[in-house]
Amino acid sequence: MSDVQTIEIMQGILARHAKQEGPLLPILHSVQAEYGFIPVDVVQIIADHLNITRAEVHGVISFYHDFRDAPAGKHIIKICRAEACQSVGANALSDRALEKLGVEWGGTTANSSVTIEAVYCLGLCACGPAAMVDGKVVGRVDGAKLDKLLAEAGA
Ligand code: FES
């Protein structure tokens with residue numbers, strides 16, 4: 001994407017949020033909806049526009065799990081790490097997933113097929129450990145089921 005395109009897109013997004021109080025989060029959500037992540041050049045544009053530092057914008061991006069600073073993989077797999085799921089094996093499941101994919105939380109496999117994210121409760125606590133694949137919840141995920149989900153996602 002060219003600088004000119006980026007500036008045009010950002011002018012549109014910033015104009016849409018011009019009258020909002022506390023516009024940083026809504027702006028970041030709009031940027032992520034547009035690009036699928038928050039591109040690094042856009043961070044400076046937002047900082048300049050809101051008269052805050054680049055570090056402040058970056059701090060908000062890294063605080064919220066929903067924002068990414070790099071494009072996601074083709075499939076997004078989330079594993080619940082909240083208490084009820086932890087009590088039925090979510091930690092071991094998480095370790096297995098990260099090891100198989102060779103990435104950390106939020107990371108994307110080298111073939112760009114899977115991004116793995118931690119999530120804290122998917123509302124499926126009675127059927128833990130729970131996961132979500134491209135927005136669809138999956139309950140009672142054991143090692144074999146996880147391996148199948150990863151294989152289906154092309155990891
Ligand atoms: S604690 Fe995992 S779905 Fe609620």
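**A four-stranded sheet, a helix across it, and two residues**

In this predicted model, strand 3 (residues 131-133) and strand 4 run antiparallel and are joined by three bridges. Within that pairing, Val133 sits opposite Lys136 of strand 4. The two strands belong to an open sheet of four strands, ordered 2-1-3-4, and the pairing across the sheet is mixed. Strand 2 (114-119) and strand 4 (136-138) take the edge positions; each has a single partner strand, so one side of each goes without a neighbour in the sheet. From one strand to the next, the twist averages 25°.

What lies across the sheet strands? Helix 7 (residues 143-152) does, lying across strand 1 (75-80), strand 3 and strand 4. Relative to strand 1, helix 7 runs at about 160°.

Turning to single residues, Ser94 is found in helix 6 (residues 90-101). Is Ser94 buried or exposed? Its relative accessible area comes to just 2%, and with the cut-off for buried set at under 20%, Ser94 counts as buried. Setting aside neighbours within four places in sequence, the contacts of Ser94 are Ile79, Arg81 and Trp105.

Tyr64 is another case: this residue lies in the loop between helix 4 (54-63) and strand 1. With a relative accessible area of 37%, Tyr64 is partly exposed, a label that covers values between the 20% and 50% cut-offs. Together with Leu25 and Phe63, Tyr64 makes up a nonpolar surface patch of about 300 Å².

Technical notes:
Residues numbered from 1 in each chain as written. Predicted model: local features only at pLDDT ≥ 70, side-chain atom pairs only at ≥ 80, totals over all residues. Heavy atoms only, no water. Pairing = 2+ DSSP bridges. Axes fitted to C-alpha atoms, helices over the stretch in contact; angles between N-to-C directions. Contact = heavy atoms within 4.5 Å. Patch = residues over 30% accessible without salt bridge, like charges linked within 9 Å, V, L, I, M, F, W, Y side chains within 5 Å. Areas by Shrake-Rupley, 256 points an atom, 1.4 Å probe, with all protein chains shown as cover. Salt bridge = Lys/Arg side-chain N within 4 Å of Asp/Glu carboxyl O. Buried < 20%, exposed > 50% of the residue type's maximum accessible area, 1.4 Å probe, protein only.
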